[in-house]
Amino acid sequence: MSYVKNHNLVPKHAKLSEKDKKQLLEQYHITIADLPKIFTDDPAIQELDVKPGDVIKISRNSTTAGEVFFYRAVIEGV
Amino acid sequence: MEDLYAEYEEKLPQKLIEEIKTHVPSKISKTKLKAILEKVYLEYITGIAEPGECVGLVGAESIGEPGTQMTLNTFHFAGVSEMNVTTGLPRLIEILDGRAEISTKMMEIYLKKPYNQQPEQVKKLAESLKETLLKDITTSMSINLAETKLVIELDEKKLTDINVKPVQIAKVLEKNFKGYALKVDEASLIIKSKSKEEDISGIYKLKQKAKSVYIGGVKGIKQVLPVKRGDELIIITAGTNLKEILQLDFVDQNRVMSNDIFEIQEVLGIEAARQAVIKEVFKVIDAQGLNVDMRHIMLVADTMTMSGTVLGINRYGIVKEKPSVLARASFETPIKHIIQASITGEKDDLKSVIENVMLNQYVPIGTGLPGLITKIKKA
């Protein structure tokens with residue numbers, strides 16, 4: 001499945017540690033339900049060993065701002 | 001110098017800093033650079049959307065207005081008669097509606113280094129991708145009524161093109177049709193039922209079935225067209241099959257593109273789908289010579305992919321996700337929503353715009369968003 005990771009359309013996905021997750025939620029005064037979602041069976045996070053409730057940090061390469069971080073909460077895939 | 005940049009790295013987006021770095025002369029004094037950075041920073045923060053600003057509304061208008069000037073048309077590929085592509089308004093509607101079945105599926109297949117130069121070689125690879133059914137490689141298929149048998153005449157030229165021998169085809173057919181006897185006679189195949197009492201309608205059904213027997217190529221790829229793009233040759237196809245194309249070793253797996261957003265979501269994930277939405281919308285708008293800021297399109301793409309799958313901007317998609325009953329009812333099919341809400345006893349928190357407009361209250365955007373606390377002087 002290495003082709004998923006290397007494809008131009010797919011930005012880098014990384015799992016946030018519990019500490020970073022807490023810090024993120026505190027920084028923006030949000031709960032995990034407020035974050036955009038990503039399913040557990042998403043092809044891009046298959047190698048990350050994630051479970052529902054984790055937060056994925058996505059390093060997008062934006063055309064307007066350079067490298068931008070975006071976060072998605074993992075939810076159970078249907 | 002570097003420490004000055006580092007100081008602003010927190011405050012400014014990476015792209016702006018890079019731009020400053022390339023534009024300022026290399027022997028600039030520290031005080032001057034500081035002044036430039038400070039000025040850029042001020043401009044930047046005045047450009048940021050303020051809290052409570054209704055960015056969605058601005059985005060909708062910014063895409064909607066140029067959208068009225070779009071033409072209804074399809075674009076035809078020169079040289080290939082049946083290959084046309086939906087562009088313009090119909091395509092834009094298709095993307096933003098989040099349709100699972102789009103009208104013209106297309107792929108752009110980039111090839112790896114040694115394969116992408118010689119036209120002959122690319123053409124050969126392109127042909128090998130095309131889905132081949134039995135009917136594509138036959139000159140005739142006839143039923144012999146007297147002996148109730150099916151005679152298939154194969155096109156020998158086409159067989160050499162795709163490098164398949166009649167015996168191989170016979171093997172494929174044997175697998176598909178159990179209970180039939182097969183005979184190979186040079187370039188013709190004769191199929192006959194093993195049981196004695198085969199009637200005409202049976203053999204007729206067999207003929208229809210035999211037409212769509214899969215012989216080779218990639219399933220779903222209906223047409224191929226080698227095209228020059230920059231200094232390399234790529235293959236444009238009608239019909240998509242991202243998953244199987246990505247497995248092939250001569251394609252550049254990093255750049256293969258499909259215009260089917262749902263397929264991308266399935267194969268490459270939700271983030272790739274978001275990227276694809278932006279790319280496809282921008283392509284449409286750009287092709288029409290219109291000018292819409294990228295950020296509006298990004299906002300739309302973010303909204304569409306919020307829930308983990310691609311949702312369209314319609315009553316089956318993102319509107320359905322709204323928590324407020326009145327907001328949903330105000331969009332389309334109001335009675336349905338209100339009845340459903342009254343049955344299940346839904347609660348409306350009146351947190352969004354439209355339900356507050358209905359109730360003649362302040363809408364929580366702009367200056368309506370913050371509450372004020374005043375100190376009252378005790379008398």
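This report describes the confidence, sheets, hairpins and nonpolar cores of a two-chain model.

The model is predicted: local features need pLDDT of at least 70, side-chain atom pairs count only at pLDDT 80 or more, and totals for chains, interfaces and linings use all residues. Residues are numbered from 1 along each chain as its sequence is written, chains are lettered from A and ligands numbered from 1 in the order in which they are written, and side-chain values use heavy atoms, without hydrogens or water.

**Chain A**

The mean pLDDT (the predictor's confidence in each residue, from 0 to 100) of chain A is 90, and 99% of the residues score at least 70. Elements here are DSSP runs numbered from the N terminus, with at least four residues (H or I) for helices and at least two (E) for strands. Among the elements of chain A, helix 2 (residues 18-27) has the highest mean pLDDT, 94, and helix 1 (residues 2-6) the lowest, 84.

Four strands of chain A form an open sheet with mixed pairing in the order 1-3-4-2. Its edges are strand 1 (12-15) and strand 2 (37-39) of chain A, each of which pairs on one side only. On average, neighbouring strands of this sheet are turned by 40° against each other, direction ignored; such angles are taken between N-to-C directions of axes fitted to C-alpha atoms, and run from 0 to 180 degrees.

**Strand pairing in both chains**

Two strands count as paired if DSSP finds at least two bridges between them. The table lists pairings from both chains.

| Strands | Sense | Bridges | Residues opposite each other |
|---|---|---|---|
| Strand 2 and strand 4 (residues 66-75) of chain A | parallel | three bridges | F39(A) and I75(A) |
| Strand 3 (residues 106-109) and strand 11 of chain B | antiparallel | four bridges | E108(B) and I236(B) |
| Strand 10 (residues 223-229) and strand 11 of chain B | antiparallel | seven bridges | V224(B) and T237(B) |
| Strand 7 (residues 180-185) and strand 8 (residues 188-193) of chain B | antiparallel | six bridges | D185(B) and S188(B) |

Strand 11 (residues 232-238) of chain B has seven of its seven residues buried, where buried means under 20% relative accessible area, exposed over 50% and partly exposed in between (1.4 Å probe, protein chains only). On one side the buried residues are E232(B), I234(B), I236(B) and A238(B), and on the other L233(B), I235(B) and T237(B).

Strand 10 and strand 11 of chain B form a hairpin with two residues between them, and G230(B) in the turn has a positive phi of about 70°. Strand 7 and strand 8 of chain B also form a hairpin with two residues between them; there, E186(B) in the turn has a positive phi of about 50°.

**Nonpolar cores**

A nonpolar core is a set of buried Ala, Val, Leu, Ile, Met, Phe, Trp, Tyr and Cys residues joined through side-chain atoms within 4.5 Å. The largest has 58 residues, and I245(B) and L268(B) have the most contacts inside it. Helix 12 (residues 270-287) of chain B supplies its largest share, nine residues. Apart from this core lies another of 21 residues, including M141(B), L173(B), L182(B) and I191(B).

Contact means heavy atoms within 4.5 Å. Leaving aside neighbours within four places in sequence, the contacts of L268(B) include Y3(A), V4(A), H7(A), L9(A) and V10(A) from chain A, and L242(B) and L246(B) from chain B.

**D260(B)**

D260(B) lies in the loop between strand 12 (257-258) and helix 11 (261-268) of chain B. D260(B) counts as buried because its relative accessibility is 4%. Its side chain reaches the backbone nitrogen of F262(B) at 3.1 Å. Not counting residues up to four places away in sequence, D260(B) touches A100(B), I102(B), K105(B) and T240(B).

Note on methods. A polar contact is a pair of N or O atoms within 3.5 Å; within protein, one must be able to donate a hydrogen and the other to accept it, and residues adjacent in sequence count only if both atoms are side-chain atoms.
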